[in-house]
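Reader: I'd like to learn how to read the packing of two helices. Could you walk me through it with an example?

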Amino acid sequence: MTSRDLSNELAHLDDVELYRQLDAARRATTKDLLVDPVTLARGLDPLFVMRPHIWLIGQALAGVERGDYDRLLIITPPQCGKSTLVAEWFPFWWLARYPRDRVAVTSYSDDLALAHGKKIREYVTDYGGDYELQLKSGSSAAQHWDLTTGGGCRSVAIGAGLTGFSVNLLVFDDPHKDRADAESPRARKAVHDWYSSTALKRLQPDRNAVVGIQTRWHVDDWAGRRLQEEGRVEEGGRWKVVHLPAIGNPTKFGPDPLGRRDGDPLTHPKIATRDRAAMLAWWADMKSTSIVRDWHALGQGDPQPYEGALVSEELLRLIRDPGLHVEPQKIAVAIDPSGGGRDTAGVVGGFLGDDQRVWVTHDRSGVMSSADWSLAACRLAHEIDAAVIYVEVNYGGDMCELAIRTAWELLQREGEIPKGKLPPMVIAVRAKQGKLLRAEPVAQQMIQDRVRLRGTFTDMEREWATWMPTDPMSPGRIDASVILVYGLLPEANQGAIVHAPLAQRPNPAPGGQGAASSYMRSITR
């Protein structure tokens with residue numbers, strides 16, 4: 001039909017009929033928006049920003065409404081747009097579909113919970129007419145308001161009362177204020193007790209669901225306890241989990257919900273989806289400005305227990321020394337190849353200084369095949385002019401040494417390494433009854449200020465600060481750094497080493513001022 005034909009047809013319609021048809025078309029369009037919360041938000045708010053992770057969360061929320069599961073946990077880094085979607089648009093969408101249901105939105109503070117309640121009420125005021133939603137007379141309070149259809153919303157801080165308010169949909173938005181709150185046993189107990197004794201007891205039998213959105217803080221935070229007690233859907237448990245780390249790592253976490261590979265960044269509402277470099281830079285900045293514990297908990301959604309670890313974060317911070325001038329006496333690269341059921345290869349570089357300390361200078365570890373880790377090790381050896389490459393050969397045997405020689409020759413043929421440069425000596429090491437790669441002796445060398453870090457190594461420090469002596473396998477970065485220290489300080493692995501308590505400061509090295517001494521001088525000035 002041409003525009004002229006349409007004009008002629010409209011001319012024959014009276015105003016009432018025309019309005020009826022236009023109104024029917026508008027209503028059909030508004031109903032189409034209810035397919036999922038993201039579609040609704042995009043259709044009603046031109047400023048709503050769509051990103052792949054937002055779409056994915058929207059699909060997971062729609063799964064709750066379909067009855068695919070009745071418990072949904074969404075874990076992302078902070079400031080990713082999750083609260084706007086889950087704690088504001090999702091409750092409005094739910095009420096548009098079930099106008100007689102009652103929704104409770106809760107958070108660690110009254111202010112945050114009230115802000116969500118006010119926003120949902122604002123949506124009802126602005127857009128509710130198309131979905132037959134109307135505020136009941138007298139429902140002016142943001143904390144608790146009702147609809148003429150019988151539904152309503154209650155917004156409270158965790159610990160507040162829900163007495164007299166039945167709940168069909170319960171939304172938890174960041175139940176912990178910060179790390180101090182999450183690490184407090186008393187505060188965690190209060191959250192767990194309120195959830196069990198108050199929140200869950202308001203759920204109704206006709207229809208009920210719980211949706212939690214959280215930035216992780218602690219292994220026993222609200223999300224951690226839920227998964228520990230009730231389990232994941234794919235493991236026969238109750239909770240559907242959408243885990244979106246800042247940097248994809250399916251090797252560790254399993255298949256990524258967004259199909260990302262290791263090292264792929266999470267999208268961000270304020271960064272264009274195609275601008276991969278900007279996203280990587282944003283998350284790299286978060287990583288570099290966070291302590292090790294916070295990056296892995298908040299950024300990666302992977303908090304780890306710290307009680308019982310070999311060394312503390314404080315010790316690792318104190319042995320960082322990016323500026324002290326030291327003359328290298330022997331430079332080496334150490335490799336813990338991928339294998340033995342682990343895909344992460346440890347590739348670490350460093351040197352023995354004239355101060356008789358081992359200095360860790362580079363960490364090129366990652367998820368790599370034998371071809372990749374051998375190239376990475378040779379590139380690093382060339383870069384730092386290493387005299388020796390130590391490689392653990394428990395799983396690869398002679399193939400490990402062959403891979404290194406082949407990689408060196410390949411890099412020379414391709415011009416990355418000068419043809420006349422001799423390769424480093426390759427020294428194979430083998431674990432003796434599982435003892436060589438155990439980290440206690442090297443932890444002791446850190447305590448004695450015989451090992452220092454030439455800067456900050458976020459991933460390596462995290463492994464050292466969370467790995468337990470009873471773990472059957474050591475992470476690749478720990479194993480590689482252990483091999484490096486054993487190679488440069490052979491005496492570190494001789495004789496019996498008594499397991500020391502969790503160290504907080506290194507002792508001064510013999511004949512010199514240690515990092516702890518410098519630290520104590522700085523805080524007593």
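Reader: At what angle do helix α8 and helix α9 pack?

Author: Two packed helices are described by the angle between their axes and the distance between the axes. Here α8 (residues 185–199) and α9 (residues 222–230) pack at about 55°, with axes 10 Å apart. Axes are lines fitted to C-alpha atoms over the stretch in contact, and angles run from 0 to 180 degrees between N-to-C directions. Helices are DSSP runs (H or I, at least four residues), numbered from the N terminus. This is a predicted model, where local features need pLDDT of at least 70, side-chain atom pairs count only at pLDDT 80 or more, and totals for linings use all residues. Residues are numbered from 1 along each chain, and side-chain values use heavy atoms, without hydrogens and water.

Reader: Which word describes how α8 and α9 lie to each other?

Author: They are therefore oblique; that word covers angles that are not under 35 degrees, over 145, or 65 to 115. α8 passes α9 in a right-handed crossing, meaning that the near helix is turned clockwise from the far one by less than a right angle.

Reader: Which residues of α8 and α9 make the contact?

Author: Contact means heavy atoms within 4.5 Å. From α8 come Val191, His192 and Tyr195, and from α9 come Trp222, Arg225, Arg226 and Glu230. By class, three are nonpolar, one is polar and three are charged. Ala, Val, Leu, Ile, Met, Phe, Trp, Tyr, Cys and Pro count as nonpolar, Asp, Glu, Lys and Arg as charged, and the others as polar.

Reader: Which helix gives the largest share of the lining of the second largest pocket?

Author: That is α6, with seven residues. The lining as a whole divides into 14 nonpolar, eight polar and 10 charged residues. A pocket is an open set of points on a 1 Å grid where a 1.4 Å probe fits, with protein on both sides within 12 Å along at least five of seven lines, and lining residues have an atom within 4 Å of a point.

Definitions and conventions: Helices (H or I, at least four residues) and strands (E, at least two) are DSSP runs, numbered from the N terminus.
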